[in-house]
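User: I have not seen this structure before. Please take me through it by question and answer.

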Amino acid sequence: MELVLSPGVLFLDEPITGLDSTMARSMMECLHRLSRKGLQLFFRFIKHRYSILKLFDTLLSIAAGRCIYHGLADNVLQFFSSVGFRCEEHDNPADFILDVLQGDRLSPSTDNENNQIECHFNEEYMKADIYKSIQNQISERLYVSSGNNNNNNNVRSEEKSRLIDIFYLSQ
């Protein structure tokens, strides 16, 4: 019913829970098409297949209220590998990510008893280039939207970045 009003943002809590794999994939493909038409979608998943993960453009992973990863979904395994967690060749990347975030897989470089895994990942994420890039983009957009840029006084709403939306939603 909410889609009738053509919202700009849609929050979905476990939209494929209880569906068989074919219906889940079909539902996610439909939502993917809607996202290509400008609808911003936010999901919460407990478990999903890799074929569904591949439909995501951007992934925001949160554990214990801390941002663990935010960036292109295609780069998430590279990030985890860079902080000492390598996904095995035949492992489902979606399961791997959830296992790591839940503390089911420990890296030799992480002492889980003295340092919670989510704190470790949050610190590593804040050192990553993707975090710095997002912070720079937010700063630039805030600078432009505040009218400090003489060349683009009318820049704002139509080309508003999703990063700004996420920034304000997280406040």
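**Strands, helices and core**

Analyst: To begin with one pair of strands in this predicted model: S3 and S4 run antiparallel to each other and are paired over six bridges.

User: Which residue is the bridge partner of Ile62 in S4?

Analyst: The pairing of S3 and S4 is antiparallel. Thr58 stands opposite Leu72 of S4. For Ile62, the bridge partner in S4 is Cys67.

User: Which residue in the hairpin of S3 and S4 takes a positive phi?

Analyst: The hairpin has two residues between the strands. A positive phi, near 50°, is found there at Ala64.

User: Which side chains of S3 point to the buried face?

Analyst: In a regular strand, side chains alternate between the two faces of the sheet. S3 shows such alternation, with Thr58, Leu60 and Ile62 pointing to one face and not buried. The side chains that point to the other face and are buried are those of Leu59, Ser61 and Ala63.

User: How many helices and strands does the chain have?

Analyst: Along the sequence the pattern reads β-α-β-α-β-β-α-α-α-α-α. The secondary structure therefore comes to seven helices and four strands.

User: Is helix H4 largely enclosed or open?

Analyst: H4 covers residues 93-101, nine residues in total. The buried ones are Pro93, Ala94, Phe96, Ile97, Leu98, Asp99, Val100 and Leu101. Since eight of the nine are buried, H4 is largely enclosed by the rest of the structure.

User: Which elements do the buried residues of H4 pack against?

Analyst: The packing involves both strands and helices. The strands are S3 (58-63) and S4 (66-72). The helices are H2 (50-53), H3 (76-82) and H5 (117-127).

User: Which residue caps the N-terminal end of H4?

Analyst: At the other end, H4 is followed by Gly103, which has a positive phi near 80°. At the N-terminal end, a side-chain oxygen lies 2.9 Å from the backbone nitrogen of Ala94. That oxygen belongs to the capping residue, Asn92.

User: Which element gives the largest share of the largest nonpolar core?

Analyst: In soluble globular proteins, nonpolar side chains tend to be buried together. The largest nonpolar core here has 34 residues, and Phe56, Phe80 and Phe121 touch the most other members. Elements that give it two or more residues are helix H1 (21-36), H2, S3, S4, H3, H4, H5 and helix H6 (129-145). The largest share, five residues, comes from H4.

User: Which residues is Phe56 in contact with, leaving aside its neighbours within four places in sequence?

Analyst: Phe56 is among the core members that touch the most others. Apart from neighbours within four places in sequence, its contacts are Met28, Phe43, Phe45 and Ala73.

User: What kind of aromatic pair do Phe79 and Phe80 form?

Analyst: The structure holds ten aromatic pairs. In the pair of Phe79 and Phe80, the centres are 5.8 Å apart and the planes are at 75°. Planes over 60 degrees apart count as edge-to-face. The pair is therefore edge-to-face.

User: Which parts does the pair of Phe80 and Phe96 tie together?

Analyst: Both Phe80 and Phe96 are buried, and Phe80 has a relative accessibility of 0%. Their ring centres are 5.9 Å apart with the planes at 80°, so this pair is edge-to-face. Because Phe80 lies in helix H3 and Phe96 in helix H4, the pair ties together parts that are 16 residues apart in sequence: H3 and H4.

User: Which residues are linked into a cluster by ring pairs?

Analyst: Phe80 and Phe96 belong to this cluster, which ring pairs hold in one set with other Phe and Tyr residues. The full list is Tyr69, Phe79, Phe80, Phe85, Phe96, Phe121, Tyr125 and Tyr131.

User: Is Cys87 buried or exposed?

Analyst: Cys87 lies in the loop between H3 and H4. Leaving aside neighbours within four places in sequence, Cys87 is in contact with Leu77, Pro93 and Phe96. Its relative accessibility is 16%, and under 20% counts as buried. Cys87 is therefore buried.

User: What percentage of the residues of the chain count as buried?

Analyst: The accessible surface of the chain comes to about 11,300 Å², and carbon and sulfur atoms make up 48% of it. The chain has 171 residues. The share that counts as buried is 35%.

Notes
Residues numbered from 1 in each chain as written. Predicted model: local features only at pLDDT ≥ 70, side-chain atom pairs only at ≥ 80, totals over all residues. Heavy atoms only, no water. Buried < 20%, exposed > 50% of the residue type's maximum accessible area, 1.4 Å probe, protein only. Contact = heavy atoms within 4.5 Å. Polar contact = N/O pair within 3.5 Å; in protein donor to acceptor, adjacent residues only side chain to side chain. Phe/Tyr/Trp six-rings, centres within 6.5 Å; stacked < 30°, edge-to-face > 60°. Core = buried A, V, L, I, M, F, W, Y, C linked by side-chain atoms within 4.5 Å. Pairing = 2+ DSSP bridges. Areas by Shrake-Rupley, 256 points an atom, 1.4 Å probe, with all protein chains shown as cover.
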